[in-house]
Amino acid sequence: MTRWVMIADLRRCVGCQTCTAACKHTNATPPEVQWRRVLDMEVGEYPEVKRVFVPVGCMHCADPPCMHVCPSTATRQRADGIVTIDYDLCIGCAYCAVACPYQARYKTDKAEFAYGEPMESEKKQFDPKRLGVATKCTFCSDRIDAGLAKGLKPGVDPEASPACVNSCIAQALHFGDIEDKASNVSQLLAENQFFRMHEELGTDPGFYYLWDKK
Amino acid sequence: MKKTVPVHVEKKATYCYQCVAGPDLLTVKVVDGVATEVEPNFAAADIHPGGGKVCVKAYGLVQKLYNPNRVRSPMKRSNPKKGRDQDPGFVPISWDEAFDTIAKKLLEIRAKGLTDESGYPRVAASFGGGGTPQSYMGTFPAFLGAWGAIDMGFGSGQGVKCTHSEHLYGEFWHRAFTVSPDTPLCEYVISCGANTEASGGVVGVWRHADARIRGMKRVQVEPHLSVTAACSSEWVPIKPKTDPAFLYALIHVMLFEHARERLDLDFLLRHTASPYLVGPHGFYLRDPQTRQPLLASTLEERVTREAIEIGADDEVLAQGMLEGETAFCKLLAHMKPYTPEWASNICDVPAATMRRIAGEYLDHAHIGETIVIDGMTLPFRPVAVALGKTVNNGWGGFECCWARTMLAALAGALEVPGGTLGTTVRLNRPLSERHESVKPGPDGFMAYPLNPTDKEHWNAKPNIRNAYRTLVPLAADGPWSQALGPTHFSWMFLGETPPGLPRVTYPELWFVYRTNPAISFWDTRQVGERMASFPFVVALAYTRDETNHFADILLPDQMDLESLQLIYIGGSKYIEQFWKNEGYALRQPVVAPRVDARDFSDIATELARRTGLLERYNASINRGTAGVPLKGEGWDFSLDTARAHSRDEIWDAVCRAASAELTEGKETHGLDWWKEHGLRVKPFPQSNWYLFPTLAAQGLRFELPYQERLWRVGQQLARRMHENDMQWWDNQLAEYQPLPVWKDFPKLWETELARIGGKPEDFPFWLLTSRSMQYAWGGNVGLQIIHEVAGNVAGHGGVIINAKRAEALGIADGDPVEIATPAKSVRAKAVLRQGIRPDTLLLIAQFDHWATPYAKDFGVPSMNSLVPMSMNLTDATGSGADVVRVSIKRTPRT
């Protein structure tokens, strides 16, 4: 069995938003739709204050609330853990967006472009199926599947890895198979202390945050 | 609109050098002739010290290409009146008409003579900072070279927006135009405002992330909690412009509160000026016959010796048996008063914190240890001090740079593995090679091309309007020097030229490229008003903007993904950009031009042809102005100087010469090979990162702690200026000191406030700025994707204010506020944060656009609109600091 997960090393992330921009390129999301983004958070009060950058997006939960509330079965889960949306089935009810504890889902009702009218690049990447339906991070499943078909290893070979991971200039983002004990992500989780966001909700998210060595 | 099915997909290698922390090596995915995605060039992962990754700015390149707001053809102004309130009435014209108009002006100027009645060049040119436009302007430098005298000293941010003191003093002390910790080896960094995570580029971010995991500790000392402070072990919120006091206290602790043996005494004795004997008048004691400095055999010695002491203009001040003491003794006496308790009252940092930091620095210095690099055994001193903008420019910059370099010297951590490194030279020659620029100079130190200050050679008549050769000896006189002078003086003196200088005149023709001084300089309103009087402005224009609003001709040059150029990559340069490889990379068109734009090389060639300069222009390219000499040992790809060559002909020759240079003539690949492969490198030894062995091999010392040479130069310059009835530089001349004393730097800004009619208590906030990685240098403010992603980083939408202080003032998050000086005010939205001192406000980046499409609707101000352009706030290097005293109050919601 395989379960694809992502890791964000909070010691490394600088909040530069390169992953945000790379995701927008690869997935051609419209303005203000950010399947990957990095939060800029403060903890404490001056002068005892810390600032931390936290990459967020769909956590590809093992027990995803978005899937349970979906009335049309558009939201499903692959055997490798990736949570998917079938745009042909989605009715755009947005129940999933409300149910998601991570605010990871977007819904765009009409075509929107950077400068009003579409640029050539936007025309080339436009997909009308994304209008009026829920969208979110796919873990770049198309890249993973195409890479696997070529015998490549997701999380190791760029061609088979999510765009955000490929782009990260701090090596903060990692991707791999948590069921493979020898994988990069399994090694990182074995060597470091980590948490998952809103773990108490029982969603079993597939997104881990490293914060210190063990 | 329907989904399209891709038929032909390809990836083309190119580079991004939109900011000085580049180049980033990337590929662009092109689907059926349309550029869609930027990705790292994964093939460069092993040769690039940042894993071949690409900064967020490069992800704006696709929008930059297809931006509907581009200038779509050459334009000419139809409204002869110029002003911010005037519609220029730009109308499209043909390239032929544009070239005709420009060439006619140039030929008229050439007929009159290159310089005007004041002796200033009639043609001026301004380019964006850090030399980045050179990576886009193709062969235009060859046109400039062929033309002759050009004033390149109209600043667009230089001085006030760069690390100016560091450029000049750093290069003087250790060939460090830019400075960096040896991050791959360093263990402990004290960073006074060096915003590496925002300004260090991919390599800086990559290396520091690795260093954090490795356990490197960085203490970030700055008034607000920047992204760099966020990624540091500790944030020390210091009061603005008091960093010299903090650094002096660290030196005091190391000198007086730790055992002397904890310092690198061998380094100080054998590799610095510490044992030089200083005489009663403050100059070195010298051998009466050879006039060489006399040295003690230990660091702390007082002696009476047969000696001579020579003053500023070679006059003998004393001769015979003279008393002297070592420069190190002078240092001890100088630093004695600067205790942590003294500093604490000034910089608002607890004395205990400074004591601890000084101790931790020594704890990590590994005094006495060595490391083997490339087979060389070198000292290993993994401690460094980094300085940021506003700390190392303007008043106080000299003191900070001196203290930083002294802290490195005390630990023997200067130019050795792990320590503080200079990473590029720009004022000494050769520009491309730090080590070759190390040559013996006077008194056992490195030579430095100071502008002369002796009676016979001082330049009383400036060659350009900012008078850098007259006023700033350290600015030298090389290709970069014009931009390293007091570049705001070019603008200021247009209003009133101070006594002794020839009246400053308007240039008759001004080229502007990849720069927007009407936004990016200090006192931008005054800069705009001056621009409105420029008689003829040629702007290479991407979109309309606040500077080309005043232009007469707009020329759209092909953008990053449309044009072609080969550049040098790697080696050692800007801050963290020291690599283990060096070579060349090609920027190539990934798609056909989207508007009626031309490649800058073709523009340059046409200008040369129409002005009769073709032969000199081609000859300049042959000599290497395009980055590589076309003739070398065993190869010759020189261009026929008699005819015009196409862009591809020129760059094919450059590519062949670069291939030959990299392979010692074995290969001569042309443009097609480079288009396919994108880049090529050869090894650059890590040992070349460190200057110490080169100095040691030549028996040269670092010129610290005592600044006899600078003191001498300052006295000479003062005499020259006074001999010419120039008294207006006296405050700046006081900066030339053998050992820099603390001055009340914050008070300087309060005094300036009083000068323009304000009381400090009415304007209690220090307004600062901070680098935006998403925008800095990029010329990308009109790109939607950049605006969108930058919005995720706090502060891009308004002014950051301490939350508790805001509450006391009745200001809530998102409230409209007015930020004011006695002279001007701007409006912003309040952004409440905890990570900022209660006496400080922060406006990230520089906005306040009023002409640039898209950006003019942001509604976010810039401190540049508030900062006065002032002689009083100009230091001896000709720079100012980006800081201004302001008030803030809530305004009614509209």
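These questions and answers concern a predicted model with chains A and B.

Visitor: How compact is chain B, set against a globular protein of its length?
Guide: Chain B has 27 helices and 32 strands. Its radius of gyration is 27 Å, and the globule rule gives 29 Å for 894 residues. The two values are close, so chain B is as compact as a globular protein of that length.

Visitor: What percentage of the residues of chain B count as buried?
Guide: The C-alpha trace of chain B spans about 85 × 75 × 60 Å along its principal axes. A residue is buried if 20 or more other C-beta atoms lie within 10 Å of its own. Of the 894 residues of chain B, the share that counts as buried is 62%.

Visitor: Against which helix do the buried residues of H15(B) pack?
Guide: Helix H15 of chain B covers residues 488-495, and 7 of its 8 residues are buried, so it is largely enclosed by the rest of the structure. The buried residues are His488(B), Phe489(B), Ser490(B), Trp491(B), Met492(B), Phe493(B) and Leu494(B). They pack against a helix of chain B at residues 524-531, namely H17.

Visitor: Are the faces of strand E31(B) covered or uncovered?
Guide: In a regular strand the side chains alternate between the two faces of the sheet. On one side of E31(B), Thr840(B), Leu842(B) and Ile844(B) are buried. On the other side, Leu841(B) and Leu843(B) are buried. With 5 of its 5 residues buried, both faces of E31(B) are covered.

Visitor: Which residue of E31(B) is the bridge partner of Trp766(B)?
Guide: Strand E27 of chain B, residues 765-770, pairs with E31(B) in the parallel sense over 5 bridges. In E31(B), the partner of Trp766(B) is Thr840(B).

Visitor: And which residue of E31(B) is the bridge partner of Ile800(B)?
Guide: Strand E28 of chain B, residues 799-802, pairs with E31(B) in the antiparallel sense over 2 bridges. In E31(B), the partner of Ile800(B) is Leu842(B).

Visitor: Which element gives the most to the side of chain A that touches chain B?
Guide: The contact takes 48 residues from chain A and 51 residues from chain B. On the chain A side, the elements that give two or more residues include strand E2 (37-45), strand E3 (48-56) and helix H1 (18-27). The residues of that side divide into 22 nonpolar, 12 polar and 14 charged. The element that gives the most, with 7 residues, is H1(A).

Note on methods: Residues are numbered from 1 along each chain as its sequence is written. Chains are lettered from A and ligands numbered from 1 in the order in which they are written. This is a predicted model: local features need pLDDT of at least 70, side-chain atom pairs count only at pLDDT 80 or more; totals for chains, interfaces and linings use all residues. Helices (H or I, at least four residues) and strands (E, at least two) are DSSP runs, numbered from the N terminus. The radius of gyration is taken over C-alpha atoms; the globule rule is 2.2 Å times the number of residues to the power 0.38. A residue is buried if 20 or more other C-beta atoms lie within 10 Å of its own, exposed if 12 or fewer, and partly exposed in between; C-beta atoms are placed from the backbone. Two residues are in contact if their C-beta atoms, placed from the backbone, lie within 7 Å. Ala, Val, Leu, Ile, Met, Phe, Trp, Tyr, Cys and Pro count as nonpolar, Asp, Glu, Lys and Arg as charged, and the others, Gly among them, as polar. Two strands pair if DSSP finds at least two bridges between them.
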